[in-house]
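My notebook is open, and I am going through this one step by step. Here is what I looked up, in the order I did it.

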Amino acid sequence: RVVVCAYTDFSVLAHWPQGTPSKSGIHVLTFDEDDGQLHSPSTPTDLPHYKNPAFMRAHAESGVLYACTESIKEHDTIFALGQGPDGQLTSLSAQSTGGKSACYITIDHAHANLLFANYWDSSIGIMPLNGPGQLQPAFVLPSLSGSEPRDREDHVRARQATPHAHSIVLDPAHGRIAYVPDLGDEVVKQYVFVPRPSGLHLAGAHPPGPPGPAHGPRYIEFHPVLPIAYVINELSSTVSVF
């Protein structure tokens with residue numbers, strides 16, 4: 001099965017997508033391993049209406065799905081979905097991210113906490129799990145600048161006028177350093193992560209690439225074997241290797 005998130009309201013996004021908003025935020029498809037095709041799209045009918053679910057992460061052990069909504073007008077929500085043997089999805093819990101335009105979710109190595117990033121106000125946070133799918137209230141670390149764009153037009157005119165945390169990824173070795181590419185601040189920030197409330201502490205920052213035009217770091221990914229990290233830069237359309 002393949003679970004797909006879809007935007008349902010373009011008017012509250014930080015950008016202008018092309019196309020038509022979806023009537024439902026969650027869709028389920030089946031994957032045919034023989035022909036590589038997706039088939040039989042369906043829309044769960046017994047789920048709450050989730051506005052603009054933008055990013056989804058699956059728990060490796062329980063199979064619970066965690067997804068975040070996306071809006072620049074109000075605080076977003078992370079919600080948990082259980083998966084039945086027949087593919088049926090059930091709503092398990094939901095909690096506020098305490099920030100706007102949530103865009104990324106990471107599960108810590110102990111599978112006990114979610115780490116998340118809110119793009120619009122560049123806040124990040126920790127959301128404890130009281131068992132699979134049981135989200136607890138979040139600890140939110142606000143941006144040091146305390147600023148955000150006035151509106152979408154202001155943001156599109158000057159993408160780097162204010163900070164914009166775009167993802168949060170833990171180091172693969174120990175899961176104790178959280179790397180946060182900040183598109184607005186033009187750095188990859190590093191936080192010491194301690195798995196408890198208020199457990200994120202800024203420890204440093206690194207340029208996302210060589211000197212030159214703005215890079216706008218968006219994502220970071222670690223090589224599964226080698227001590228190498230890849231930073232995807234949105235504004236320069238480049239990949240930096242560290």
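**Entry 1: a cut-off to keep at hand.** I call a residue buried when its relative accessible area is under 20%, and exposed when that area is over 50%; anything in between is partly exposed. I also remind myself that this is a predicted model.

**Entry 2: Phe 55 and Tyr 104, buried or exposed?** I tried the cut-off on Phe 55 first. Its relative accessibility is 17%, and buried means under 20%, so Phe 55 counts as buried. Tyr 104 comes out at 9%, so Tyr 104 counts as buried too.

**Entry 3: the overall build.** I then stepped back to the whole protein and found 1 helix and 18 strands. The radius of gyration is 18 Å, close to the 18 Å that the globule rule gives for 242 residues, so the protein is as compact as a globular protein of that length. Along the principal axes, I read a C-alpha span of about 50 × 40 × 40 Å.

**Entry 4: inside and surface.** Of the 242 residues, 45% count as buried. I noted an exposed area of about 11800 Å², with carbon and sulfur atoms supplying 55% of it. For contacts between residues at least 6 apart in sequence, I found that 45% join residues at least 24 apart.

**Entry 5: charges.** I have 14 positive and 23 negative charges on my list. Their mean positions lie 7 Å apart.

**Entry 6: aromatic pairs.** How many aromatic pairs does a search of the whole structure find? My search gave 4. In one of them, the ring centres of Tyr 50 and Phe 79 are 3.6 Å apart and the planes meet at 5°, so I put this pair down as stacked. Tyr 50 sits in the loop between strand 3 (37–42) and strand 4 (53–58), while Phe 79 belongs to strand 6 (residues 77–83). The pair thus links distant parts of the chain, 29 residues apart. Both Tyr 50 and Phe 79 are buried.

**Entry 7: back to Phe 55 and Tyr 104.** These two also form an aromatic pair, a tilted one, with 4.6 Å centre to centre and 35° between the planes. Phe 55 lies in strand 4 and Tyr 104 in strand 8 (residues 102–107), so the pair ties together parts that are 49 residues apart in sequence. Which residues form one aromatic cluster? I wrote down Phe 55, Tyr 104 and Tyr 219.

Notes. Residues numbered from 1 in each chain as written. Predicted model: local features only at pLDDT ≥ 70, side-chain atom pairs only at ≥ 80, totals over all residues. Heavy atoms only, no water. Helix = DSSP H or I, 4+ residues; strand = E, 2+ residues; numbered from the N terminus. Rg over C-alpha atoms; globule rule 2.2 N^0.38 Å. Buried < 20%, exposed > 50% of the residue type's maximum accessible area, 1.4 Å probe, protein only. Contact = heavy atoms within 4.5 Å. Areas by Shrake-Rupley, 256 points an atom, 1.4 Å probe, with all protein chains shown as cover. Lys, Arg positive; Asp, Glu negative; His and termini not counted. Charge placed at Lys NZ, Arg CZ, Asp CG, Glu CD. Phe/Tyr/Trp six-rings, centres within 6.5 Å; stacked < 30°, edge-to-face > 60°.
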